[in-house]
Amino acid sequence: MNVLFEEDGGFKAGGIMADNDSSLQVEMPTGKRSKIKAATVLLRFDKPSAGALLEQATPLAEAVEADFLWECVSDGEFSFLDFARDYYGHDPAPVEATAVLLALHAAPVYFHRKGKGRFRKAPPDILAAALASLEKKRQQALAIEGWINELKAFRLPPEIGALTDTLLYAPDRNKPETKAFETACAETGLTAAQLLFKCGAIKSAYHLHYKRFLHEQFPKGIAFPALEAPGLPADLPKADVRAFSIDDANTTEIDDALSVVKLPGIGSRIGIHIAAPGLAIAHGSPLDGVARARLSTVYMPGNKITMLPDAVVQNYTLAGGVDCPAVSLYLTVNESLEILSHESRLEMVHIAANLRHHEVEPWFNAETVGGPLADEPFAQELLHLWHFANACEGRRGKPSAVQGINDYNFAIVGDLADPDACTVEISERKRGSPLDKLVAELMIVANSTWGGLLADKNVACMYRAQTQGKVRMTTSPLPHEGLGVPQYAWMTSPLRRYCDLVNQWQLIACIKGETPAFAQKSAELFGAMRDFEVTYGAYADFQRQMERYWCLRWLQQHGVAEIDATVRREQLVKLDHLPLMLRVPSLPADLLPGQRVHLAVESIDLLAPELTCRFLNLLGDSDAAEAVEEEEA
């Protein structure tokens, strides 16, 4: 005797070896023996053999049409054996009964399971909905297959093209378009960006990187809400100085300016004047909300996204020829360039000029400061400030600017609406020049002095601390070991950093003797500090990525096939005349930092953006000396 039984959602047949009423011992056609419950048995039969039953019944079941069966069955619950008897018009043979069972089981849309061997036909409305769903899935499967084939042939289906940004930055894996696209990526071995680029969905690698950044950091766009720019305060006293700023040619958010007034018999009074948007932007105001959301200006070659609306920047930037509201720090300095006292004021400062690096450095540089300077505006003020900066640097025992490292300026020529038609010019500028030291040292003095003032007055503040080599933001006035100061608080860039704007609010309240916006241990202050630190780091990473992209464009633009580089560590090198670091796996393992190498440019991937180079040879001493001399020039 054989039995047909159900196990693990399927049907099996075997020969009975022992029948114990509630359970049976059966032997499968494969020779495997199993113990099954009697309740799982659907059919007992002598012929055919257990191995032949399902083999013979399966093709019969496949020939049965489910919709015909559904038409034949009356409403109500039924047994497969009863239905098989009606279907064949006689008592069904085991193979016939099994074929009906398999057909009913294979059509769950038409027949609902109601128990062991029992079914019920689906109601017409439910069947119609289920069939419509199946047809939709079938059509969807056909569409997915078609999309995959089109993508693999590097043709862009319109349905995929409409989802380009979503597929790149926030793919919805429930969408059939996403399933097709990711399958095509897997089968072609390409990344999402590479496949879309080959299909023409991405017109420029520049837009790929820029849009990804906007998606991550500015999901609602970069447009400012319609807010009225606050006017200038009318009750500030006017300073008796002629101040000047020092910035590069592209700077529009001019935060700081300087002044020098000689004090006969004492020395001089040095003024550090910082733009004061904190006088107009109130904590909790809509403009504060804008600045709090952005947290910093975003910089990139050829473009920037400002923290504050242009109208606000224009009202409060320290523009030349204009009286501007400022927070001023006045240092009384003796003839030995020692600071005797300091005073902080809120006032209107006349900005006599906006000096630019490229205009000043030809006559004020490391070679000229040791002798008579050219007869240029503010030449003597600059010289005095440079001597003062050297004295401050000496007192701290730390350099204010890293020596031997170059800054790089990017000039994008063309309209970024069509970035592939643009060209890039990259110029080097040696860091640590007298102008650099002058500005950096005076900003250190201001940030350290004002940080100390707030600490002494027990006014909450965001500080930059460095202990054990780690730089971090903190609300405690901890030392900055790298600068050699007891505390350091960013306060000199309130037009472009939210941290500085918050600290300026606190400083203004301290100067006025008013209650500051943030109390000590303020949860809101701590939250703003954490958000600023994370966002500021993300903006800096994006700036480095875009500089890397334009470096690769520069290599392409100049057709560079070979280039020299300096080993930094292990397989890491820095390319000559470019702010570009990369790993070169083919470098010899015994090279030391500072050694010079000659590389071949093998591939440039603007979508990554990545550069692949291969080691060619080690540069000799004369070559190395000449290359280093050129890089520092």
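**Strand pairing, nonpolar cores and helices in the predicted model**

Strand β20 (residues 562–569) pairs with strand β23 (residues 596–605) in the antiparallel sense over five bridges, where strands are DSSP runs of E of at least two residues, helices are runs of H or I of at least four, both numbered from the N terminus, and two strands pair if DSSP finds at least two bridges between them. The structure is a predicted model, in which local features need pLDDT of at least 70 and side-chain atom pairs count only at pLDDT 80 or more, whereas totals for chains, interfaces and linings use all residues. Residues are numbered from 1 along each chain as its sequence is written, and side-chain values use heavy atoms, with hydrogens and water left out.

Within the β20–β23 pairing, Ile563 stands opposite Leu599 of β23. Strand β23 is also joined, by eight bridges in the antiparallel sense, to strand β24 (residues 610–618), and His598 stands opposite Asn617 in β24. The connection from β23 to β24 is a hairpin through four residues.

Leu599 also belongs to the largest nonpolar core, which has 60 residues and in which Val573, Leu575 and Leu599 have the most contacts; such a core is a set of buried Ala, Val, Leu, Ile, Met, Phe, Trp, Tyr and Cys residues joined through side-chain atoms within 4.5 Å, and buried denotes under 20% relative accessible area, exposed over 50% and partly exposed in between, with a 1.4 Å probe and protein chains only. Helix α17 (residues 523–557) supplies the largest share of this core, nine residues. Beyond its neighbours within four places in sequence, Leu599 is in contact (heavy atoms within 4.5 Å) with residues including Ile563, Val573, Leu575, Val584, Leu587, Cys613 and Phe615. A second, separate core of 50 residues includes Phe244, Leu329, Leu435 and Ala489.

A further set of pairings involves strand β15 (residues 339–356), which is matched in the parallel sense with strand β9 (residues 238–247) over seven bridges; here Ala243 has Ile351 of β15 as its bridge partner. On strand β14 (residues 322–334), which runs antiparallel to β15 and is joined to it by twelve bridges, Asp323 has His350 as its partner in β15. Four residues lie between β14 and β15 in the hairpin that they form, and in its turn Leu337 has a positive phi of about 65 degrees.

In helix α3 (residues 80–88), the buried residues are Phe80, Phe83 and Ala84. Seen down the helix axis, these residues fall within an arc of 105 degrees, taken from the directions between the axis and the C-beta atoms, and therefore line one face of α3. Their cover includes β5 (41–45), α2 (66–72), β6 (77–79), α4 (94–105) and β8 (118–121). At the N-terminal end, α3 is capped by Ser79, a side-chain oxygen of which lies 3.2 Å from the backbone nitrogen of Leu81, while Gly89, which follows the helix, has a positive phi near 80 degrees.

Helix α16 (residues 498–512) has 13 of its 15 residues buried, so this helix is largely enclosed by the rest of the structure. Just after α16, Gly513 takes a positive phi of about 75 degrees.

Gln25, found in strand β3 (residues 23–27), is partly exposed, with a relative accessible area of 29%. The C-alpha atoms of Gln25 and Pro377 are separated by 108 Å, the two residues being 352 residues apart along the chain.

Note on methods: A polar contact is a pair of N or O atoms within 3.5 Å; within protein, one must be able to donate a hydrogen and the other to accept it, and residues adjacent in sequence count only if both atoms are side-chain atoms.
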